[in-house]
Amino acid sequence: MPSPLIDKPAPPFQLAQLRDPGKTLAPGDLKGKVWIFNVWASWCVACMQEHPLLVELSRQNLVPIYGLNYKDGRDNALKWLDTHGNPYTLSAMDADGRVGIDYGVYGVPETYVIDKNGVIRFKQIGPVTPKALEEKILPLVRQLQG
Amino acid sequence: MTAVLLMVLALPAFANEAAPAAQDPALEQRVMRLTSELRCLVCQNQSLADSHADLAIDLRNQVRSQMQAGKSDAEIREFMVARYGDFVLYRPPLKSTTALLWAGPFVLLAAGGLALGFYLRRRRKRLTESELTPEQRARAEALLHTRREGQTR
C-alpha cells in the first residue's frame with residue numbers, strides 16, 4: 001500500500017523538542033535541506049531493530065535525521081537515547097500522537113525522506129533495513145541533495 | 001420572581017452543558033456508524049469501531065472531535081484517506097487504482113466461466129471422437145462374442 005502522502009508537503013506542526021522543551025521543531029525550519037524524519041518511541045520494540053543502523057547513518061553525516069518521539073514520556077525517551085545512542089539532530093515530542101495521525105503513522109517505526117521544498121518523497125513503514133537504506137533511501141537522498 | 005423563573009428555565013440548558021460530550025448518545029452513535037466503515041490498520045480485519053488498539057482509540061477520538069467541530073462524515077472520511085489511503089475504507093471508491101479491486105471478482109468469475117466452457121467443449125469433442133467406427137464396433141463385438149463362447153465351452 002503506497003502512502004497517499006508521497007509527493008505531498010510534509011504536514012505542518014510545531015512541537016516541543018525532547019531534550020529542550022522550551023524550544024520547538026517545525027518542518028518549515030528545515031526548508032532548504034533534505035532530511036530524514038523517523039517516528040520512534042522507547043516502548044517500540046521494532047525500533048530497536050533499526051536503531052543501530054540509524055546511529056551508524058548519523059555518524060556518516062550524510063543527511064540529518066530528525067525524530068518524532070511518538071506517544072512517549074520524556075524521561076523514558078531520554079533514557080532510551082542515552083542507553084542505545086542518539087542518531088537524531090533533535091527529536092520533537094508528539095505526546096498525544098496527533099501529529100502522527102497527520103503523517104498517517106500506524107506502524108512505528110516509520111521513516112520519511114523529505115526534500116528541500118518540504119515535500120515527502122519516500123516513506124518506510126516498519127524498521128529501516130540495510131537493504132532499504134542502501135537501495136532506496138540513500139540513493140534518493142543523494143539525488144535530492146544533488 | 002423573574003429571577004427564579006429564569007433560573008428554572010436555565011436549569012435544563014445548564015444540565016445539558018454539563019453533560020460530557022462522550023455521553024451524547026446521538027454523537028456516539030454517529031461516531032460508531034462512521035468508524036465501523038473505517039479499517040483499523042493495526043488489527044486483523046477489525047473496524048475502528050470494534051478495536052481497542054491504541055491507534056483505533058486515538059482515531060475514534062479524532063472522529064468525535066471533528067464531528068463536534070461540525071465536520072461532515074464525508075469530510076472526516078477524506079481526512080482519513082488523505083493520511084492512510086483508500087485502504088482505510090471498507091468500501092473503497094471506484095477509481096483507476098481500485099478498479100481491479102471492484103472488477104476483480106467479476107473478471108475472475110468470467111474467466112472461470114470461459115475456462116469451464118472451453119473444458120466442456122473439449123471433453124465433448126474427445127468423447128465423440130473416441131466413438132468407434134462401425135468396422136471397429138463389429139470387430140469388438142466379434143471378439144467379445146468369441147471370448148464369451150470360449151468361456152461357456
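**Two chains and their salt bridges**

In chain B of this predicted model, 45% of the contacts between residues at least 6 apart in sequence join residues at least 24 apart.

Colleague: Which kind of secondary structure makes up chain B, helices or strands?
Modeller: From the N terminus on, the elements of chain B run α-α-α-α-α-α. The count of strands is 0, and the rest of the tally is 6 helices.

Colleague: How much of chain B is buried?
Modeller: A residue counts as buried when its relative accessible area is under 20%. Chain B has 153 residues, and the buried share of them is 24%.

Colleague: Which three residues of chain A supply the most area against chain B?
Modeller: The contact involves 13 residues of chain A and 14 residues of chain B. The area buried between the two chains is about 1,100 Å², with 58% of it from carbon and sulfur atoms. Of the area that chain A buries there, 49% comes from three residues: A:P4, A:I101 and A:Y106.

Colleague: Which helix of chain A gives the most residues to the side that touches chain B?
Modeller: Across the interface there are 4 residue pairs in polar contact. The touching side of chain A divides into 7 nonpolar, 2 polar and 4 charged residues. The element that gives the most to this side, with 4 residues, spans residues 98–102 and is helix 3 of chain A.

Colleague: How many salt bridges are there between chain A and chain B?
Modeller: Side chains of opposite charge can pair when their charged atoms come close. One such pair is B:D54 with A:K71, where the closest N and O atoms are 3.3 Å apart. Another is A:K71 with B:D58, at 2.3 Å from N to O. The count between the two chains is 3 salt bridges.

Colleague: Why does the pair of A:K71 and B:D58 join two chains?
Modeller: A:K71 lies in the loop between strand 4 and helix 2 of chain A, whereas B:D58 is in helix 3 of chain B, so the pair joins two chains. A:K71 is buried, with a relative accessible area of 19%. B:D58 also counts as buried, and its relative accessibility is 14%.

Colleague: What is the relative accessible area of A:E110?
Modeller: A:E110 forms a salt bridge with A:K123, the closest N and O atoms being 3.0 Å apart. A:K123 is in strand 7 and A:E110 in strand 6 of chain A, 13 residues apart. A:K123 is buried at 13%. A:E110 is buried as well, with a relative accessible area of 0%.

Colleague: Is B:R91 buried or exposed?
Modeller: B:R91 forms a salt bridge with B:E37, with 3.2 Å between the closest N and O atoms. The two residues are 54 apart, each in a loop of chain B. B:E37 counts as partly exposed at 22% relative accessibility. For B:R91 the value is 59%, over the 50% cut-off, and this residue counts as exposed.

Colleague: Where in helix 4 of chain A does the kink lie?
Modeller: Helix 4 has several buried residues, among them A:A132, A:I137 and A:L144. The buried residues of this helix pack against strand 3, helix 1, strand 6 and strand 7 of chain A. The kink is about 35° and comes shortly before the proline A:P139, at A:I137.

Notes
Residues are numbered from 1 along each chain as its sequence is written. Chains are lettered from A and ligands numbered from 1 in the order in which they are written. This is a predicted model: local features need pLDDT of at least 70, side-chain atom pairs count only at pLDDT 80 or more; totals for chains, interfaces and linings use all residues. Side-chain values use heavy atoms; hydrogens and water are left out. Contact means heavy atoms within 4.5 Å. Buried area is the accessible area (1.4 Å probe) that two parts lose on being put together, summed over both. A salt bridge is a side-chain nitrogen of Lys or Arg within 4 Å of a carboxyl oxygen of Asp or Glu. A polar contact is a pair of N or O atoms within 3.5 Å; within protein, one must be able to donate a hydrogen and the other to accept it, and residues adjacent in sequence count only if both atoms are side-chain atoms. Ala, Val, Leu, Ile, Met, Phe, Trp, Tyr, Cys and Pro count as nonpolar, Asp, Glu, Lys and Arg as charged, and the others, Gly among them, as polar. The bend at a residue is the angle between axes fitted to the seven residues ending there and the seven starting there. Buried means under 20% relative accessible area, exposed over 50%, partly exposed in between (1.4 Å probe, protein chains only).
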